[in-house]
Amino acid sequence: MKTLKVAGAIIYRDGRIMAAHRSGSHGHVGWEFPGGKLESGETAEQALRREVSEELGLRLTNMWLFDTVEHDYPDFHLSMDCFVCPLDEGQEPALTEHDRVRWLSYDELLDVDWLGADHTVALRLGMFWDQLFAAEHL
């Protein structure tokens, strides 16, 4: 089975994280953490900055690795490095690859139909929310 290496952004702002909905014109339909495939020679961090800039017009400055998720889809295996990315003030997403975004609080983490690997990330976020988003980390 083919392995796809990607990076995902857990974009955080004002006590909420961003969920982005893929419309279906670019792959699977559903809610995800924005990001994408690593290109040859790119680190996960470089790929994430590039993909989030292209897909949402956002500039990521600070980020730290939260987890690496392995997930089998029917036609490929996904290995996704997930980074917590506090969003700098004044930035708003511009949708190019997604048809909508939602800002989810802790209590709303499972209110969207996450894609498989992203669902795993959402569950893990729920377990560590307070520690991850404590003021001293942001």
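Which elements each supply at least two residues of the lining of the largest pocket? In this predicted model, they are strand E1, strand E4 (35–37), helix H1 (44–56) and strand E6. Strand E6, which spans residues 77–86, recurs throughout this briefing, since it also pairs with E1, pairs with E5 and gives two or more residues to the largest nonpolar core. The points below take up the pocket, the strand, its cysteines, the core and a few individual residues.

**The largest pocket**

- The space in the largest pocket comes to about 500 Å³, and 23 residues line it.
- Among these lining residues, Leu4, Val6, Arg22, His28 and Glu32 lie nearest the centre of the pocket.
- Sorted by class, the lining of the largest pocket comprises 10 nonpolar residues, eight charged residues and five polar residues.

**Strand E6 and its pairing**

- Strand E6 is largely enclosed by the rest of the structure, because 10 of its 10 residues are buried.
- In a regular strand, side chains alternate between the two faces of the sheet. In E6, His77, Ser79, Asp81, Phe83 and Cys85 point one way, while Leu78, Met80, Cys82, Val84 and Pro86 point the other way, and the residues of both sets are buried.
- With strand E1 (residues 3–13), E6 pairs in the parallel sense over 10 bridges, and Pro86 in E6 has Tyr12 standing opposite.
- With strand E5 (residues 64–72), E6 pairs in the antiparallel sense over eight bridges; Asp72 stands opposite His77, and Val69 has Met80 as its bridge partner in E6.
- The connection from E5 to E6 is a hairpin, which joins the two strands through four residues.

**The cysteines of E6**

- How many disulfides does the structure hold? The number is zero, and Cys82 accordingly takes part in none, with the nearest cysteine sulfur, that of Cys85, 9.8 Å away.
- Seen from the other side, the sulfur of Cys85 has its closest cysteine sulfur in Cys82, and the 9.8 Å between them is too far for a bond, because a disulfide requires the two sulfur atoms to be within 2.5 Å.
- Are these two cysteines buried or exposed? Cys82 counts as buried at 1% relative accessibility, and Cys85 is likewise buried, with a relative accessible area of 0%.

**The largest nonpolar core**

- The largest nonpolar core has 28 residues, and those with the most contacts inside it are Ile10, Ile17, Leu78, Trp114, Val121, Leu125 and Phe133.
- Two or more residues of this core come from each of E1, E2, E5, E6 and helix H2 (116–132), and H2 gives the most, with six residues.
- Leu78, one of the residues with the most contacts inside the core, belongs to the set in E6 that also includes Met80, Cys82, Val84 and Pro86 and points one way from the strand.

**Individual residues and distances along the chain**

- Lys2 is placed in the segment before E1 and counts as exposed, at 58% relative accessibility. The C-alpha atoms of Lys2 and Leu78 are separated by 8.6 Å, although the two residues are 76 residues apart along the chain.
- Ala7 is placed in strand E1 and is buried, with a relative accessible area of 2%; its C-alpha atom and that of Trp31, 24 residues apart along the chain, are separated by 15 Å.
- Glu39 lies in the loop between E4 and H1 and is partly exposed, with a relative accessible area of 47%. Between the C-alpha atoms of Glu39 and Lys5, which are 34 residues apart along the chain, the separation is 9.1 Å.
- Most residues other than glycine have a negative phi. Asp14, by contrast, has a positive phi near 50°; Asp14 is found in the loop between E1 and strand E2 (16–22), where it counts as exposed at 70% relative accessibility.

Terms used: Residues numbered from 1 in each chain as written. Predicted model: local features only at pLDDT ≥ 70, side-chain atom pairs only at ≥ 80, totals over all residues. Heavy atoms only, no water. Buried < 20%, exposed > 50% of the residue type's maximum accessible area, 1.4 Å probe, protein only. Pairing = 2+ DSSP bridges. 1 Å grid on protein atoms, 1.4 Å probe; cavity = no way out; pocket = protein on both sides within 12 Å on 5 of 7 lines; lining within 4 Å. Points joined across faces, edges and corners; volume = space filled by probe spheres on them. Nonpolar A, V, L, I, M, F, W, Y, C, P; charged D, E, K, R; others polar. Core = buried A, V, L, I, M, F, W, Y, C linked by side-chain atoms within 4.5 Å.
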